[in-house]
Amino acid sequence: MALTPHSVHDMAETVLACVCSSLDATAVEVDGQPGCPCRACVVPGTPAWDGCDDPCGGSGAGGQLTVHVARLFPASSFPEQDRSVLGTRGCTPPPTLAAELVVTLLRCAPVIDERGCPPTCEEQAAAARITHTDAATIYTALLCCLPQTGGRRGRRFLMGESRIVGPQGGCVGVEQRVTVALSGCAPCPEGVS
C-alpha cells in the first residue's frame, strides 16, 4: 500500500474511531463507566484541555477524546529512526514512515466544593476507577485494532507509554502513545528524478 497525502491523517482517524468504539463497548460492560465522549476528534497538535466537563448538548458522555500526531520520522528498520543521508540519488524515500500518535482522553476530576472542602476519598476513588478503566480500554483497543489496518500482512506498530495526566483545571485522564509504521513509498512529484 503506497503512502498517499492522506495516509497520516487517515491513520489518526482510524485510531480515533477504534478507541471511541472500544470506550462505548466498555461502558456497556462496566456499570457506571462513561462511553466515548461526544467531543472526539483528530487535532493538529497537543490538545487544549477545554472539553472535559458536561456532555455536548446534554446527551452522550462528557469529556474529550483526541488523537494527534506527535512526530513523523523515516524508519528503514522500524521502529528505529533512520539517520541515513538522503538526496544522493534523486527521490529515494525510506521504506517506512513512522507516525507517533498520541491518544488523549480527558474526563472531569473531582474538585474542591463551594465551601472549600477537598473531594472525598469516595469521589477520588470513583474518578480513579474510571481513569484506570479508560487506560486499559485504550491500550487494548490499539492492540486489537491496529493489526487489522494493514492489509493481509497486518500493521507494524509499537505501543508506547501510557500516562495518567492531571488532575489539572478540573480534568484528569489518560495519554497513550503508539508509533505506527506507514509505507514510506510514494511517487515522487512529476519532474523530479
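A disulfide here is a pair of cysteine sulfur atoms within 2.5 Å. The model on screen is predicted, and for that reason local features need pLDDT of at least 70 and side-chain atom pairs count only at pLDDT 80 or more, while totals for chains, interfaces and linings use all residues. Residues are numbered from 1 along each chain as its sequence is written, and side-chain values use heavy atoms, with hydrogens and water left out.

**Stop 1: the cysteines**

Select the cysteines to begin with; a search of the whole structure finds 2 disulfides. Zoom in on Cys18 and Cys145, whose sulfur atoms lie 2.0 Å apart in a disulfide. The torsion about their S-S bond is about 90 degrees, so this disulfide is right-handed. Cys18 belongs to helix 1 and Cys145 to helix 2, so the pair ties together parts that are 127 residues apart in sequence; helices (H or I, at least four residues) and strands (E, at least two) are DSSP runs, numbered from the N terminus. Cys18 counts as buried at 8% relative accessibility, whereas Cys145, with a relative accessible area of 25%, is partly exposed; buried means under 20% relative accessible area, exposed over 50% and partly exposed in between, with a 1.4 Å probe and protein chains only.

Next select Cys20 and Cys36, which a disulfide joins with an S to S distance of 1.9 Å, and which has -105 degrees about its S-S bond, making the link left-handed. Cys20 lies in helix 1 and Cys36 in the loop between helix 1 and strand 1 (40-42), so the pair ties together parts that are 16 residues apart in sequence. Cys20 is buried, with a relative accessible area of 18%, and Cys36 counts as buried at 8% relative accessibility.

Then turn to Cys144, and ask why its sulfur is not bonded to the closest cysteine sulfur, in Cys145. The two sulfurs are 6.6 Å apart, which is too far for a bond. Cys144 counts as partly exposed, at 48% relative accessibility.

**Stop 2: the sheet**

Show the strands now: 5 strands form an open sheet in the order 1-2-3-5-4, with mixed pairing, where two strands pair if DSSP finds at least two bridges between them. Strand 1 and strand 4 are the edge strands, each of which pairs on one side only. Neighbouring strands of this sheet are turned by 20 degrees against each other on average, direction ignored; axes are lines fitted to C-alpha atoms, for helices over the stretch in contact, and angles run from 0 to 180 degrees between N-to-C directions.

At one edge, strand 1 and strand 2 pair in the parallel sense over 3 bridges, and Val42 can be found opposite Val67 in strand 2. At the other edge, strand 4 (residues 157-168) and strand 5 (residues 171-183) run antiparallel and are joined by 8 bridges, and Met159 has Val178 in strand 5 as its bridge partner. The hairpin of these two strands has 2 residues between them, and Gly169 takes a positive phi near 60 degrees there. Step back to Pro167, in strand 4, where the peptide bond from Gly166 is cis, with omega near 0 degrees. Most residues other than glycine have a negative phi, and most peptide bonds are trans.

**Stop 3: the helices**

Add helix 1, which lies across strand 1, strand 2, strand 3 and strand 5 and runs at about 145 degrees to strand 2. Helix 2 lies across strand 3, strand 4 and strand 5, running at about 10 degrees to strand 5. Among the buried residues of helix 2 are Ala127, Ile130, Asp134, Ile138 and Leu142, and its buried residues pack against helix 1, strand 3, strand 4 and strand 5.

**Stop 4: the core**

Finally, select Val15, Val19, Leu65, Leu101, Val103, Leu142 and Leu182, the residues with the most contacts inside the largest nonpolar core, which has 28 residues; such a core is a set of buried Ala, Val, Leu, Ile, Met, Phe, Trp, Tyr and Cys residues joined through side-chain atoms within 4.5 Å. Helix 1 (7-29), strand 2 (64-74), strand 3 (96-108), helix 2 (121-145) and strand 5 each give two or more residues to this core, and helix 1 gives the most, with 9 residues. Centre the view on Val103, which, leaving aside neighbours within four places in sequence, is in contact with residues including Val15, Leu65, Ile138, Leu142 and Val174; contact means heavy atoms within 4.5 Å. A second, separate core of 5 residues includes Phe73, Ala75, Ala98 and Ala181.
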